[in-house]
Amino acid sequence: MTDHSTVAGTGDPDRPFRDRHIGPDQAESAVMLAAIGQPSLDALVAASLPESIRERAPLDLPPALSEAEVAVRLRTLAEQNQPLTAMIGLGYHGTVTPPVIRRNVLEDPAWYTAYTPYQPEISQGRLEALINFQTAVADLTGLATAGASLLDEGTAVAEAITLARRTNRSGSVVILDADTLPQTIAVVRTRAEAAGLDVVVAEADLAAAIAAHDPFAVVVQTPGASGRLADTEELRALADAAHAAGAQVIAACDLLALTLITPPGEWGADIAVGSSQRFGVPLFYGGPHAGFMAVRSGLERQLPGRLVGLSKDTAGTSAYRLALQTREQHIRREKATSNICTAQVLLAVVAGMYAVYHGPDGLRSIAGTVHRNAAALADDLGRAGFEVVHRSFFDTVLVRVPGHAARVVEAARRHGVHLRLVDHDQVGISVGEDADTGALRAVRTAFGLDNAPGQTGPDRLAGSHRTSDFLTHPVFHSSHSETGMLRYLRALSDRDFALDRGMIPLGSCTMKLNATAEMEPISLPGFANLHPFAPVADAQGYATMINELETWLAEITGYAKVSVQPNAGSQGELAGLLTIRAYHDARGDHDRRVCLIPSSAHGTNAASAAMAGMKVVVVGATTDGSVDLNDLRTKIDKHRDQLAAIMVTYPSTHGVFEEGIAELCALVHDAGGQVYVDGANLNALLGLARPGRFGADVSHLNLHKTFCIPHGGGGPGVGPIGVGAHLVPYLPTHPLSEVGGDHGIGPISAAPYGSAGILPISYAYIAMMGADGLTSATQHALLAANYVAARLHDHYPVLYTGRGGLVAHECIIDLRPLTKASKITVDDVAKRLIDYGFHAPTMSFPVAGTLMVEPTESEDLAELDRFCQAMIDIRAEIARVEAGEWPADDNPLVNAPHTQGAVIDDEWTHPYSRKTAAFPAGLHGGPIGGGGRDKYWPPVGRIDGGYGDRNLVCSCPPPEAYED
Ligand SMILES: *Cc1c(COP(=O)(O)O)cnc(C)c1O
């Protein structure tokens, strides 16, 4: 990958990084303070944050570095890693990221700064990229419908098991093939235990295990962790036996292998899962990578995570949007199909584009080379007298070297290759796309072979050859030249509105700056190309970086220890709740299984509690949006002996600092419960208060919100947990690594450090901001939210405020009275904002019929004013509807957003002008993203989501679909 050699130096010492990160300068801040009637930032904090939780001592963090200094620091750390050629396998494989995809997706802010595509009209580019991914996965697995990405392979298998349990009433255990990836087995055990599911690992023969138990699901890894490739007839017989026993069949599989071997959908699997990492996504020391899941027809409404589908806009044009959202946690809460919210969109886009760029022939050719190289090694090793354990394999050769495995692996390492040390007697060699002749020669040398490869024999796929076509859609045939690919990527990203165009004022999601200096280091080869199971001695740079980052996060949150393993906030929640569960169990409190959750909580909270095997009991809110302490007392009394925990978000999802937080913590502790503070809103607290010190026992943080990891269009994320000293023993562990507590809950992610490859982003942010910079960012986030609330106050009611009429870092604008009077809905306002050049705020969360705005510290005063002015202008437009000047069913709000096609059309029958439609903020001048020449044009008009749910299409539509 690119080595960004940075010029040493400190940069402009008068303009530290914090002044680049924080939008308003001193003069602008003064204007904003005056507008909210506060004399200073300190006064604002004193007026809004309860004194009881305020910390006075500055955070103990190293002095702030400049951009140039952090580049040097991270380059030094990257160089302390020795990636070598990764031939360890176990679900992570060397791959070649096509440079055109690396630079124009992974390293392109148009892709990485986008938000989750909840506003589909301004997300058509990434939605198309995701439907390409879904199509590739569905085609390659031979199943009907694939989802838009899961967090990794281990959790994808666990999600598949949950799906099978939900849809299959018979059977009592899940049987796992012994040749399943060891980390997958461990992730499944962690979750199954909490969910009360029995797991059987079939030590000898899967068929025997099926006969001996009463399974509801059977998991087959093919090819296996050992490299073994079962032939199609064997798999078909297995699937038949499983089905006859009433079980669903889950295949954990490899997308590259599937270009050559029979897909699971053709031998009877109901569900296929795996990782798409080897489709061009760097190893990243374990993540982020997109897990995938595909299901046979009939199961699509049970899929976990997001699913992209086709629908239509008001003009009848085909358009994409998220399908079947009623399955998801934000709507179904504890009854959702999964707790997944942030997934792995950016990586799914990379994998999908890899398939687009190579096409079916290119993929077959890459797979063929990988297989031939593996087969040639096996042939030569066999001829030299080594025992090659499996006759059939795709890319992984298992070799017996009794007593000498460690010596061989070490010899290979000296020659630049990481092999898998299976045990004393066996070595695994996994060939990836990146294994060149040098690497192959190094393997031969390690085994003491002379350097002349012999005659190659027949392929080793006997009985498994794929005969069916795949990737037949034109999209997989039309961008094989780099010019074509570049233009396709540009065309798609141009359809989308991301942070590189304008503000994304999303409540609860903290869409702040993702600075280039933070992003660059993730492409350094030392970070990008390291295998997660490389020897610790070759991962010293990561060890140091992760250790420092965990220490800093512990300092920032006031907890005893932090684990970065969870791959998203939702996964942090599950991990944190499982540590609580383990703590109670260790004290003999096996009945403590009730989790109190306020009615306003994020949907993931309830879904995670359900996955942790807890019973959700809802606590009501008072009229000001706080947790109702009276109701809390009642619920505690009722469930005193079963109380496991309360999950509260602080500041609340209503955007206020609740006064009662200390009392809330005390009430729960007195009843023997633990306090989980959802730390997704840490952007309002950082440097001012620490959950670990004001009474909480555990929190997750979202590094993809507060700590500058970009949203990626819906992932990747990192959701570390911080815990108090009494919970440290239960922190997540890993079967192939030393991480976690002595009595850990097991792994919550497939890789020991989760999405390690993006940790340099948060590391760089903290290192460059320093303690003062972080505190200043928090103060400016509070200032910006209060400024927006004050400016909009006379035009829209602001729903909840705390002390002194102030909000925290976000504010909720209540549209319900206006909707009643004018029939204009939050949806109309959200879509109209697109015409003004904005991404909509969060809609109808946590209160239906409202908009939640979180401006963040990174937006300058001009952009904040542009947003406020747009909202004020929209209010005036609503007034004209209320006054009857514009009909309720034909006005710029209900017709929004306006496409170029709509305003250019010869016919224009609306009671407002084309200029009002498309350039509401004026034709000339205008800031970036506003009126005039920088206008963002939505590629489609208002999308009818329901139509797509009734007519579900979740793979690339035929080209005719686009013709009017
Ligand atoms: C974003 C968010 C979550 C979930 O985090 P993910 O990373 O999307 O899983 C949980 N709680 C709150 C309050 C959030 O804002």
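This passage describes the domains of a predicted model, the contact between two of them, two sheets, some backbone features and the salt bridges.

The chain of the predicted model is divided into three parts: domain 1 covers residues 83-499, domain 2 covers residues 539-756, and domain 3 covers residues 768-950. The C-alpha centres of domain 2 and domain 3 are 33 Å apart. Across the boundary between these two domains, 22 residues of domain 2 are in contact with 21 residues of domain 3. The size of an interface is often given as the accessible area lost when the parts come together. For domain 2 and domain 3, the area buried between them is about 1600 Å², of which 63% lies on carbon and sulfur atoms. On the side of domain 2, the residues that lose the most area to domain 3 are H654, G655 and N683, which together account for 31% of what that side buries.

Polar and charged interactions were also counted at this boundary. One salt bridge is found between domain 2 and domain 3. A salt bridge joins the side chains of E659 and R803, with a distance of 2.6 Å from N to O. Four residue pairs are in polar contact between domain 2 and domain 3, both residues of each pair being at pLDDT 80 or more. By class, the side of domain 2 that touches domain 3 consists of nine nonpolar, 11 polar and two charged residues.

Two open sheets are described next. Strands of a sheet pair through backbone hydrogen bonds, either parallel or antiparallel. One open sheet has three strands in the order β10-β9-β25, and its pairing is antiparallel. Strands β10 (318-322) and β25 (943-944) stand at the edges with a single partner strand each, so one side of each has no neighbour in the sheet. The pairing of β9 (residues 308-313) with β25 is antiparallel and extends over two bridges. Within this pairing, D313 stands opposite I943 in β25.

The other open sheet is formed by five strands in the order β1-β13-β14-β12-β11, with mixed pairing. Its edges are occupied by β1 (85-87) and β11 (387-388); each has a single partner strand, so one side of each is left without a neighbour in the sheet. Strand β13 (residues 417-421) is paired with strand β14 (residues 426-430) in the antiparallel sense over two bridges. The bridge partner of R420 in β14 is G428.

Several backbone features were also identified. Most residues other than glycine have a negative phi, and most peptide bonds are trans. The peptide bond from Y650 to P651 is cis, with omega near -15°, and P651 lies in the loop between β18 (643-649) and α24 (661-670). F845 and P846 are likewise joined by a cis peptide bond, with omega of about 0°. P846 is placed in the loop between β23 (842-843) and β24 (850-853). L324, although not a glycine, has a positive phi of about 50°; this residue is found in the loop between β10 and α13 (329-332).

Over the whole structure, a search finds 40 salt bridges. One salt bridge is formed by the side chains of K831 and E121, at 2.9 Å from N to O. K831 belongs to helix α27 (residues 826-835), whereas E121 lies in the loop between α6 (109-112) and α7 (124-141), so the pair ties together parts that are 710 residues apart in sequence.

Note on methods: Residues numbered from 1 in each chain as written. Predicted model: local features only at pLDDT ≥ 70, side-chain atom pairs only at ≥ 80, totals over all residues. Heavy atoms only, no water. Domains from an automatic or database assignment. Contact = heavy atoms within 4.5 Å. Buried area = accessible area lost by both parts, 1.4 Å probe. Salt bridge = Lys/Arg side-chain N within 4 Å of Asp/Glu carboxyl O. Polar contact = N/O pair within 3.5 Å; in protein donor to acceptor, adjacent residues only side chain to side chain. Nonpolar A, V, L, I, M, F, W, Y, C, P; charged D, E, K, R; others polar. Pairing = 2+ DSSP bridges. Helix = DSSP H or I, 4+ residues; strand = E, 2+ residues; numbered from the N terminus.
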